[in-house]
2 protein chains.
Amino acid sequence: MLHDTAQLDLMFQALADPARRGMVERLSRGPASVSQLAEPLAMSLSAVVQHLNVLEASGLVRTEKVGRVRTCQIEPKALRAAEHWINERRLAWERRLDRLGDFLAETE
Amino acid sequence: MLHDTAQLDLMFQALADPARRGMVERLSRGPASVSQLAEPLAMSLSAVVQHLNVLEASGLVRTEKVGRVRTCQIEPKALRAAEHWINERRLAWERRLDRLGDFLAETE
DNA sequence: GCAATAGTGAAGCAATTACTTCACTATTTT
DNA sequence: AAAATAGTGAAGTAATTGCTTCACTATTGC
């Protein structure tokens, strides 16, 4: 679970599309129905549903259907996982730079 | 520059591939040549160069050729930009949940 | 019960992606 | 100078992506 590269594939892939990032952005301000997500987007409802399926498969969004309306929510745990992967790599790099700096300062 | 969605597209797209994430992971431990990046990967050198071009176009990796060897480095600023986008959305969601919690506590 | 609303599912299509191979060019090493 | 090394570039290909349209099914409001 800590190293599930397939899940990271899906998450980063999901975030790579501006329409999907728009949907995530909208959802970060609160839950929304499929139609509400579709409203600002210049594409068919079908296309929006397909994007939503990508987001849901990635784990970034969770949805629940009540009656005829599907309500969508962000899943912050998944966002945190993506964030974490990037953060680890950046920190590794920065720690390395620090050690290099120390080394250069010492040998000066 | 603060809201360059095209650049985010490129970065998340770049991170969506396990081979490319492997390369970033390798580079997070220090600079490497193209051949060194290719070594653990089960694909042709040509394919690796193509992945590298994707990483470079995304801004995540910077390369410099000296003699016949191209040396690759992580660009932490770009990593930070991707991290930041995710973080903002997650925080927006969590702040919203907090306000909701406060509201429910008050009206209880 | 009838019409409007909310969403689903499948087929089709053009563009993009992730490779491959092969031929090639520089740069080192011996 | 010849051989090995490091990488580049182009063409080809199969799979995937991001849409579209159209036909369809539930649910809700009047």
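Start with the surface near DNA strand D, whose residues divide into six nonpolar, eight polar and six charged (Ala, Val, Leu, Ile, Met, Phe, Trp, Tyr, Cys and Pro count as nonpolar, Asp, Glu, Lys and Arg as charged, and the others, Gly among them, as polar). You are looking at a predicted model, where local features need pLDDT of at least 70, side-chain atom pairs count only at pLDDT 80 or more, and totals for chains, interfaces and linings use all residues. Residues are numbered from 1 along each chain as its sequence is written, chains are lettered from A and ligands numbered from 1 in the order written, and side-chain values use heavy atoms, without hydrogens and water.

Next, select DNA strand D and the 20 residues that surround it, "near" being a heavy atom within 4 Å. The closest are His51(A), Ser35(B), Ser46(B), Arg68(B) and Arg70(B).

Now zoom in on some side chains. In Ser44(A), a side-chain N or O atom is 2.9 Å from a phosphate oxygen of the strand. For Gln50(A), the partner is a base oxygen, also at 2.9 Å. Ser46(B) places a polar side-chain atom 2.6 Å from a base oxygen.

Colour H4(A) next: this helix (a DSSP run of H or I, at least four residues, numbered from the N terminus) gives the largest share of the surface near DNA strand D, four residues.

Finally, move to chain B and show helix H2 (residues 18–28) with H4(B). They pack at an angle of about 75°, with axes 10 Å apart (axes are lines fitted to C-alpha atoms over the stretch in contact, and angles run from 0 to 180 degrees between N-to-C directions). The two helices are therefore roughly perpendicular, a term for 65 to 115 degrees. Among the residues that meet here are Met23(B) from H2(B) and Leu52(B) from H4(B), contact meaning heavy atoms within 4.5 Å.

Key
A polar contact is a pair of N or O atoms within 3.5 Å; within protein, one must be able to donate a hydrogen and the other to accept it, and residues adjacent in sequence count only if both atoms are side-chain atoms. Angles under 35 degrees count as roughly parallel, over 145 as roughly antiparallel, 65 to 115 as roughly perpendicular and the rest as oblique.
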